[in-house]
Amino acid sequence: MKDVYIINAGGFGRNMASVARSDSAHGTEWVVRGFLDNRPGLPQVAELPIVGDPESFRWQPGQILVCALGDPAQRRRYAEPLLAQGADFMNLMPKLHRSDRVGMGVGCLFEHHVSIGADAKLGSFVIVLANTIVGYDVHVGSYTTIGSFVFIGGGAQIGENVTIHPHATILPDVKVGDGAVIGAGSVVIGNVAPGTTVFGNPAKRFSFR
């Protein structure tokens, strides 16, 4: 039986612990043992304690990690040093609807009721939240976060380190560059340049002043 540790004892980490414990493999192939977090004052879960600091954690064979951090930059910050140790990261997808020939890297997390179309390809450490549809032939880069109730049309190309907020719609064949941010409820009808924030219907470049 392998031991699973979840990076992040905050709200999203606790949500992903619930997702993990609903997986049919929990209790037979692996079991969630606790959280890795170094922040003071976090709520304590009696049956899932905070057992260490992700920055000083030394991975051992027989351990599996879940990087439950919603921010792409933070996810990369904690995952890459552990990958360098040879750490094993879980793809957590107990209720994912996956069509034929879907590919993905390591460390991807899916909340319930996510659907991914045929021949879609996802990089590593992609997070997709509940009730989202990723269409056929979509490519999603590593460390991208896709919020709840998002629709990504067939053939769309989503870069690395992208954040797509809830209820956004990305039309088929649209390209979203690395590091872009798609605002909540946006309808993206054209390509989005790397590092750009867009918002609205139709989505337009947005900046905070």
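The exercises below, each with a worked solution, concern cysteines, one threonine and aromatic rings in a predicted model.

**Exercise 1.** Determine how many disulfides a search of the whole structure finds, and explain why Cys 108 is in none with Cys 67.

*Solution.* The search of the whole structure returns zero disulfides. To see how this works out for one residue, take Cys 67, which is in no disulfide and whose nearest cysteine sulfur, belonging to Cys 108, is 11 Å away. The criterion for a disulfide is a pair of cysteine sulfur atoms within 2.5 Å. Seen from the other side, the closest cysteine sulfur to that of Cys 108 is in Cys 67, and because the distance is 11 Å, the two are too far apart for a bond. As for their surroundings, Cys 67 is buried at a relative accessible area of 1%, and Cys 108 is likewise buried, with a relative accessibility of 0%.

**Exercise 2.** Describe where Thr 132 is found, decide whether Thr 132 is buried or exposed, and identify the backbone atom that lies 3.1 Å from a polar atom of its side chain.

*Solution.* Begin with the position along the chain: Thr 132 belongs to the loop that runs between strand 10 (127–128) and strand 11 (133–134). Next comes accessibility, where a relative accessible area of 0% places Thr 132 among buried residues, because buried means under 20%. The backbone atom is the nitrogen of Val 150, at 3.1 Å from a polar atom of the Thr 132 side chain. Finally, when neighbours within four places in sequence are left aside, the residues in contact with Thr 132 include His 113, Val 114 and Ser 115, as well as Ile 146, Gly 147, Ser 148, Phe 149 and Val 150.

**Exercise 3.** Count the aromatic pairs, and classify the pair formed by Phe 89 and Phe 125.

*Solution.* The count comes to four aromatic pairs. For Phe 89 and Phe 125, the centre-to-centre distance is 4.9 Å and the angle between the planes is 80°, and the pair is edge-to-face. This pair links distant parts of the chain, 36 residues apart, with Phe 89 in the loop between helix 2 (72–84) and strand 5 (97–98) and Phe 125 in the loop between strand 9 (121–122) and strand 10. Both rings belong to buried residues, Phe 89 having 6% relative accessibility and Phe 125 having 0%. Another pair, Phe 199 and Phe 206, has ring centres 6.0 Å apart and planes at 55°, and is therefore tilted. Here Phe 199 is partly exposed at 44% relative accessible area, as is Phe 206 at 37%. To complete the picture, Phe 89 and Phe 125 form one aromatic cluster together with Tyr 143.

Conventions. Residues are numbered from 1 along each chain as its sequence is written. This is a predicted model: local features need pLDDT of at least 70, side-chain atom pairs count only at pLDDT 80 or more; totals for chains, interfaces and linings use all residues. Side-chain values use heavy atoms; hydrogens and water are left out. Buried means under 20% relative accessible area, exposed over 50%, partly exposed in between (1.4 Å probe, protein chains only). Helices (H or I, at least four residues) and strands (E, at least two) are DSSP runs, numbered from the N terminus. A polar contact is a pair of N or O atoms within 3.5 Å; within protein, one must be able to donate a hydrogen and the other to accept it, and residues adjacent in sequence count only if both atoms are side-chain atoms. Contact means heavy atoms within 4.5 Å. Rings of Phe, Tyr and Trp (its six-membered ring) pair if their centres lie within 6.5 Å; planes under 30 degrees apart count as stacked, over 60 as edge-to-face and the rest as tilted.
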